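Student: I've got a model open and I keep tripping over the labels people put on it. Can we go through them one by one?

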Amino acid sequence: TQDGVSMAYTYENKVLEAKGHVDIFDFSGHEALKAINKACKAKHEGKTWSDVSIAFKAQFKSCL
């Protein structure tokens with residue numbers, strides 16, 4: 001965990017997979033979220049969340 005970002009990961013057979021979430025509130029983003037809520041209220045039906053799930057998968061190859 002660093003700066004509010006937490007990810008669980010596995011590394012197996014030269015494949016790194018990670019999953020976690022980011023919350024805008026962990027980065028002092030309250031005012032930014034208010035602005036997004038206001039600008040997107042109709043499209044989001046009044047619901048905009050402060051967090052998002054993130055994930056990635058990377059395959060590694062030998063340099064030799």
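Tutor: Sure, and let's start with a cut-off: a residue is buried under 20% relative accessible area, exposed over 50%, and partly exposed in between. Keep in mind that this is a predicted model.

Student: Okay, then why is Lys14 called partly exposed?

Tutor: Lys14 has 43% relative accessibility. Buried needs under 20% and exposed needs over 50%, so Lys14 at 43% counts as partly exposed. You'll find Lys14 in the loop between strand 1 and strand 2. Its phi is positive, about 65 degrees, although Lys14 is not a glycine.

Student: What makes Ser28 exposed?

Tutor: Ser28 has a relative accessible area of 68%. The cut-off for exposed is over 50%, so Ser28 counts as exposed. Ser28 lies in the loop between strand 2 and helix 1 (30–39). Here too phi is positive, about 55 degrees, and Ser28 is not a glycine.

Student: Which label does His21 get, and why?

Tutor: His21 comes out at 37% relative accessibility, so it counts as partly exposed. The place of His21 is in strand 2, and its bridge partner is Ser6. Ala55 is 34 residues away from His21 in sequence, with 8.2 Å between their C-alpha atoms in space.

Student: How do you know that strand 1 lies largely in the open?

Tutor: Count the buried residues: of the 7 residues of strand 1, the number buried is 0, so the strand lies largely in the open. For the chain as a whole, 11% of the 64 residues count as buried.

Student: Let's do the sheet. What makes strand 1 and strand 2 a pair?

Tutor: The requirement is at least two bridges between the strands. Strand 1 and strand 2 (residues 15–23) have 7 bridges, in the antiparallel sense. Therefore they pass the cut-off of at least two and count as paired. Among the partners, Thr10 goes with Glu17 in strand 2, and Glu12 stands opposite Val15 in strand 2.

Student: What sits between those two strands?

Tutor: They form a hairpin with 2 residues between them, and Asn13 in the turn has a positive phi of about 55 degrees.

Student: And how do you know that strand 2 and strand 3 pair?

Tutor: By that bridge rule: they share 9 bridges in the antiparallel sense, and the rule asks for at least two, so they count as a pair. One of the bridges joins Ala18 to Phe56 in strand 3.

Student: What holds paired strands together in general?

Tutor: Strands of a sheet pair through backbone hydrogen bonds, either parallel or antiparallel.

Student: Why are strand 1 and strand 3 called edge strands?

Tutor: The open sheet has 3 strands in the order 1-2-3, with antiparallel pairing. Strand 1 and strand 3 each pair on one side only, and that makes them the edge strands. From one strand to the next, the twist averages 10 degrees.

Student: Where does the helix come in along the chain?

Tutor: The chain has 1 helix and 3 strands, and from the N terminus on the elements run β-β-α-β.

Student: What makes Tyr11 and Phe60 an aromatic pair, and why edge-to-face?

Tutor: The structure holds 1 aromatic pair. Tyr11 and Phe60 lie 6.0 Å apart, centre to centre, with 65 degrees between the planes. Ring centres must lie within 6.5 Å, and planes over 60 degrees apart count as edge-to-face, so both labels fit. The pair links distant parts of the chain: Tyr11 is in strand 1 (residues 6–12), while Phe60 is in the segment after strand 3 (51–59), 49 residues apart. Phe60 has a relative accessible area of 42%, so it is partly exposed.

Student: Last one: how do you know that the chain isn't a compact globule?

Tutor: A compact globule of 64 residues would have a radius of gyration near 11 Å, but this chain has 17 Å. The C-alpha atoms fill a box of roughly 55 × 25 × 20 Å along the principal axes. As for contacts with a separation of 6 or more, 58% come from residues 24 or more positions apart. The accessible surface is about 5700 Å², with 55% of it belonging to carbon and sulfur atoms.

Notes
Residues are numbered from 1 along each chain as its sequence is written. This is a predicted model: local features need pLDDT of at least 70, side-chain atom pairs count only at pLDDT 80 or more; totals for chains, interfaces and linings use all residues. Side-chain values use heavy atoms; hydrogens and water are left out. Rings of Phe, Tyr and Trp (its six-membered ring) pair if their centres lie within 6.5 Å; planes under 30 degrees apart count as stacked, over 60 as edge-to-face and the rest as tilted. Helices (H or I, at least four residues) and strands (E, at least two) are DSSP runs, numbered from the N terminus. Buried means under 20% relative accessible area, exposed over 50%, partly exposed in between (1.4 Å probe, protein chains only). Axes are lines fitted to C-alpha atoms, for helices over the stretch in contact, and angles run from 0 to 180 degrees between N-to-C directions. The radius of gyration is taken over C-alpha atoms; the globule rule is 2.2 Å times the number of residues to the power 0.38. Contact means heavy atoms within 4.5 Å. Accessible areas come from the Shrake-Rupley method with a 1.4 Å probe; for residues, only the protein chains shown count as cover.
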